[in-house]
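Okay, everyone, thanks for coming. Let me put the structure up and walk you through it.

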Amino acid sequence: MIRTAFVCGLAALVAGMAASAEDFPLTFRTIPAKDVMSFPGGYGLSGQLHLAKPAKLKREPEAASRHPLYGECGETPTAAGFLFRLDESKGDGKGYDRIIVDMNQNGDLTDDAPASLVSLPTDRKLPPQAMRPRLFGPIQAPAGKMIAGGRPIYFAQTYINNISPMLTSGQVTEGAYIGQLQFKAGWYVEATVELKGLKQKVGVFDGDSNLRLGDVSKPETYRATGADESWYFGQADSLLVDADGSGAFEGDTFESESCPYGPVLYFGATPYKVTLKPDCTSLRVEPWTEALAEVALQPHGEQVSSVTLAWERPKKQWQLIRAGVAEGKIQVPPGNYRLYACVLLGKGAPRDQVMTAANQRVPKTRFTFAAGKENTLRCGAPLEIKVTAQKRRPESWEVNSGDLRNPLLASDSEFVLSINANIRGADGEVYSEFAKGEKFSAEPPQPTFTIVDGSGKKVADGKLEFG
């Protein structure tokens with residue numbers, strides 16, 4: 001069995017203009033339970049819930065429930081995952097309120113401490129029988145696994161289907177999908193950096209929840225039937241920056257205060273080299289002294305808030321960096337790149353501003369940025385909205401569920417009309433996240449649609465959802 005140890009790699013930091021590198025001490029911090037799932041920097045690990053016991057599970061304490069739920073999250077071809085079991089401590093049918101996670105990854109749950117349900121303020125707003133996510137924790141790292149003077153903790157959030165009717169009727173099998181579990185870190189390390197009168201809080205977060213720091217996101221490719229090859233960068237660790245000076249790292253739709261982990265971190269539009277001391281006690285910040293390539297964002301660079309680029313490294317490896325924008329331009333190390341993500345900010349008063357984010361999932365031909373030359377990158381507006389519609393017969397689950405949200409399904413028609421609006425930018429990036437207002441905490445109005453027949457008579461209308 002592969003055991004996971006804490007590993008410190010390159011890490012985080014930032015500050016203003018500096019003539020020389022400086023070290024800044026790291027401090028271990030825990031995250032309040034109510035803030036864990038919204039904390040920026042990654043979504044952790046996930047796994048499915050089943051009635052069947054995993055083959056890797058060697059030992060477990062006796063369960064109080066007749067139907068304990070099992071699963072594993074985080075398993076890869078080169079690393080073991082975390083086995084877990086949910087139990088009903090008050091007896092069968094009383095509700096799942098206890099979890100055991102195999103934190104030392106030895107296949108034995110008898111040497112791991114159970115964690116209980118966390119009572120959250122939002123729980124009091126819903127009736128007891130309501131289907132809602134449940135949070136368990138804190139779940140401690142194995143004894144002796146310390147970093148920056150602290151023992152890391154984790155939390156698990158579950159979504160459990162109502163299986164009581166199926167259990168009563170005997171229609172559920174051991175391999176049936178019962179629900180989902182998300183396993184996320186409840187800790188991070190931070191440093192306060194002061195350079196030339198500037199004070200900035202930064203941190204490193206275990207974004208992939210694997211009990212170590214220093215993981216750089218790596219790309220994976222896939223191809224859907226009849227589609228172009230696509231790629232995505234999986235979960236890894238993140239660098240944190242208190243960009244708004246609030247004194248805390250805050251999550252939002254656009255991950256404004258976190259960026260992919262690596263040796264480059266931007267403060268505003270200025271890149272810095274960052275290094276974590278091998279014993280994880282301090283961060284070193286260095287100005288970028290090598291030549292940089294200046295890149296003009298076109299055709300409307302003034303609307304671009306940030307871009308995330310895939311940077312080609314030696315041996316054809318790719319690494320993500322998020323570059324800050326100033327006056328429609330970015331500065332990046334010379335090399336080969338691909339656009340991976342883009343964030344646009346509209347004009348207007350803070351309460352009316354709209355921000356939107358896109359991803360470029362098609363790995364296009366790489367482009368080269370060189371120092372001392374004119375470089376351009378196309379992204380952002382003008383945005384093209386492509387609307388498609390598909391007429392089809394309803395699936396059995398749509399009919400049986402009595403889903404009347406679709407106006408055509410609610411009528412006498414025997415068909416469902418699926419409408420999709422695809423918003424693309426100048427490089428073909430697809431925009432799917434939208435928010436507006438103070439700290440972009442609200443959603444903009446949903447676009448409406450109207451369907452008319454050949455004579456111009458309205459048949460149906462409705463709203464399109466973002467996402």
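I'll start with the whole chain, then go through the cores, and finish with a few individual residues.

One thing up front: this is a predicted model. The protein chain comes with three helices and 32 strands. Of its 467 residues, 44% are buried. On the outside, the chain exposes about 24400 Å², and carbon and sulfur atoms supply 50% of that. If you take contacts with a separation of 6 or more, 64% of them are between residues 24 or more positions apart.

Right, the cores. As a general point, nonpolar side chains tend to be buried together in soluble globular proteins. Here, the largest nonpolar core has 60 residues, and the members that touch the most other members are Ile99, Ile139 and Phe183. Strand β11 gives the most to this core, with six residues. There's also a second, separate core of 25 residues, which includes Val307, Trp311, Ile330 and Val332.

Let me stay on phenylalanine 183 for a second. If you skip residues up to four places away in sequence, Phe183 touches a list that includes Tyr43, Leu45, Cys73, Phe82, Val101, Met103 and Ile139. Tyr154, Phe155 and Ser209 are also among the residues it touches.

Now, back to β11, for a charged residue. Glutamate 190 is in that strand, which covers residues 187-195. So, is glutamate 190 buried or exposed? It's buried, because its relative accessible area is 7%, and the cut-off for buried is under 20%. What does its side chain make a polar contact with? That would be the side chain of arginine 29, at 3.0 Å. Beyond its neighbours within four places in sequence, glutamate 190 is in contact with Pro25, Leu26, Thr27, Arg29, Lys201, Val202, Gly203 and Phe249.

Next, the backbone, for those of you who like checking torsions. There's a cis peptide bond between glutamine 298 and proline 299, with omega at about 0 degrees. Proline 299 sits in strand β20, residues 293-299. Another cis peptide bond joins alanine 381 and proline 382, with omega at about 5 degrees. Proline 382 is in the loop between β27 and β28.

Then there are positive phi values outside glycine. Leucine 211 has phi near 65 degrees, and that residue lies in the loop between β12 and β13. Leucine 211 counts as buried, because its relative accessible area is 0%. Glutamate 327 also has a positive phi, of about 55 degrees, and its place is in the loop between β22 and β23. That glutamate, though, is exposed, since its relative accessible area is 82% and exposed means over 50%.

Last stop, aspartate 228. You'll find it in the loop between β13 and β14. Aspartate 228 is exposed, with a relative accessible area of 57%. Apart from neighbours within four places in sequence, aspartate 228 is in contact with Tyr222 and Arg223. How far apart are aspartate 228 and proline 363 in space? C-alpha to C-alpha, they are 9.4 Å apart, with their positions 135 residues apart in sequence.

That's my tour, so go ahead and spin the model around.

Conventions. Residues are numbered from 1 along each chain as its sequence is written. This is a predicted model: local features need pLDDT of at least 70, side-chain atom pairs count only at pLDDT 80 or more; totals for chains, interfaces and linings use all residues. Side-chain values use heavy atoms; hydrogens and water are left out. Helices (H or I, at least four residues) and strands (E, at least two) are DSSP runs, numbered from the N terminus. Buried means under 20% relative accessible area, exposed over 50%, partly exposed in between (1.4 Å probe, protein chains only). A polar contact is a pair of N or O atoms within 3.5 Å; within protein, one must be able to donate a hydrogen and the other to accept it, and residues adjacent in sequence count only if both atoms are side-chain atoms. Contact means heavy atoms within 4.5 Å. Accessible areas come from the Shrake-Rupley method with a 1.4 Å probe; for residues, only the protein chains shown count as cover. A nonpolar core is a set of buried Ala, Val, Leu, Ile, Met, Phe, Trp, Tyr and Cys residues joined through side-chain atoms within 4.5 Å.
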